[in-house]
Amino acid sequence: MNWILFALAGSIAQLIDGALGMGFGLTSSTLLLTLGASAAVASAAVHAAEIGTTLASGVSHWHAENIDRWILLRLAIPGGIGAAAGATFLSSIDLSNAKIFISTLLLLLGGLLLYRNLFQPEVQADVSEISNPRYLTFLGFTGGFIDASGGGGWGPIVTPTLLATTKAEPRKIIGTVSASEFIVALCASFGFLINISRLDIDWSVVGGLALGGVLMAPISAKLISWLPRKQLGISVAVAIILINALRLVGN
């Protein structure tokens with residue numbers, strides 16, 4: 001495999017992920033699956049690469065002041081636990097058939113987010129006023145588990161959910177979700193590492209994805225600060241709809 005091509009793919013995926021809070025795992029996993037890798041191997045390679053890309057992205061968003069620490073702490077820890085569990089599960093069971101259900105769910109969520117940004121931009125709740133204190137814990141664990149078991153999904157699940165249920169600035173939500181993904185990627189990689197004997201990972205793929213993503217992270221973090229709230233929300237919604245519609249058509 002040509003690592004330069006994977007570096008290019010990593011750059012494009014990180015540009016999408018850093019600007020919209022999603023896309024690195026989905027884009028990279030789709031490429032690896034197209035080349036014939038199993039779901040477990042694709043997810044393991046992507047999450048190993050994401051350790052570097054998400055760290056760079058998190059630092060970039062931190063410097064750009066795009067992070068909400070309160071949300072970050074309540075997302076990252078349960079997200080990491082869910083990712084480790086999902087990685088361990090996927091190493092034994094291929095969940096490729098579950099992608100149809102997950103993509104359908106994300107497609108509907110993207111449609112809801114698009115509707116709210118177009119017709120109900122002011123109808124949102126403050127995350128600090130959510131009555132159930134386990135809301136972010138459940139969201140983080142679910143997003144982490146699906147991300148590791150499906151080869152991607154942390155951003156598409158967590159980002160639109162927070163945008164649709166909170167009134168925090170989109171750049172803060174996207175920056176926080178991107179930064180917390182470092183913990184998710186680290187824990188997912190640990191889960192895959194425990195089961196490394198069952199996997200056959202091409203480390204040149206990991207290196208290429210990581211290199212491209214790390215180089216693009218500062219640029220994508222700056223890009224988010226230039227986009228207005230409503231247009232950014234619409235962009236996120238359209239990205240979710242298009243990505244998951246294509247995944248459904250391909251199944």
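## A walk through an all-helix chain

Start with the whole chain in cartoon view: it has 10 helices and zero strands (DSSP runs numbered from the N terminus, H or I of at least four residues for helices, E of at least two for strands). This is a predicted model, in which local features need pLDDT of at least 70 and side-chain atom pairs count only at pLDDT 80 or more, while totals for chains, interfaces and linings use all residues. Residues are numbered from 1 along each chain as its sequence is written, and side-chain values use heavy atoms, with hydrogens and water left out.

Next, switch on the surface. The accessible surface of the chain is about 11,300 Å², and carbon and sulfur atoms supply 69% of that (Shrake-Rupley method, 1.4 Å probe; for residues, only the protein chains shown count as cover). Of the 251 residues, 51% are buried (under 20% relative accessible area; exposed is over 50%, partly exposed in between, with a 1.4 Å probe and protein chains only).

Now select Asn-66, in the loop between helix H3 (39-63) and helix H4 (69-92). Asn-66 is buried, at 0% relative accessibility. Which side chain does Asn-66 join in a polar contact? Add Arg-171 to your selection: the two side chains are joined at 2.7 Å (a polar contact is a pair of N or O atoms within 3.5 Å; within protein, one must be able to donate a hydrogen and the other to accept it, and residues adjacent in sequence count only if both atoms are side-chain atoms).

Keep Arg-171, partly exposed at 22% relative accessibility, and add Glu-169, partly exposed at 40%. Their side chains form a salt bridge, 3.3 Å from N to O (a side-chain nitrogen of Lys or Arg within 4 Å of a carboxyl oxygen of Asp or Glu). A search of the whole structure finds one salt bridge.
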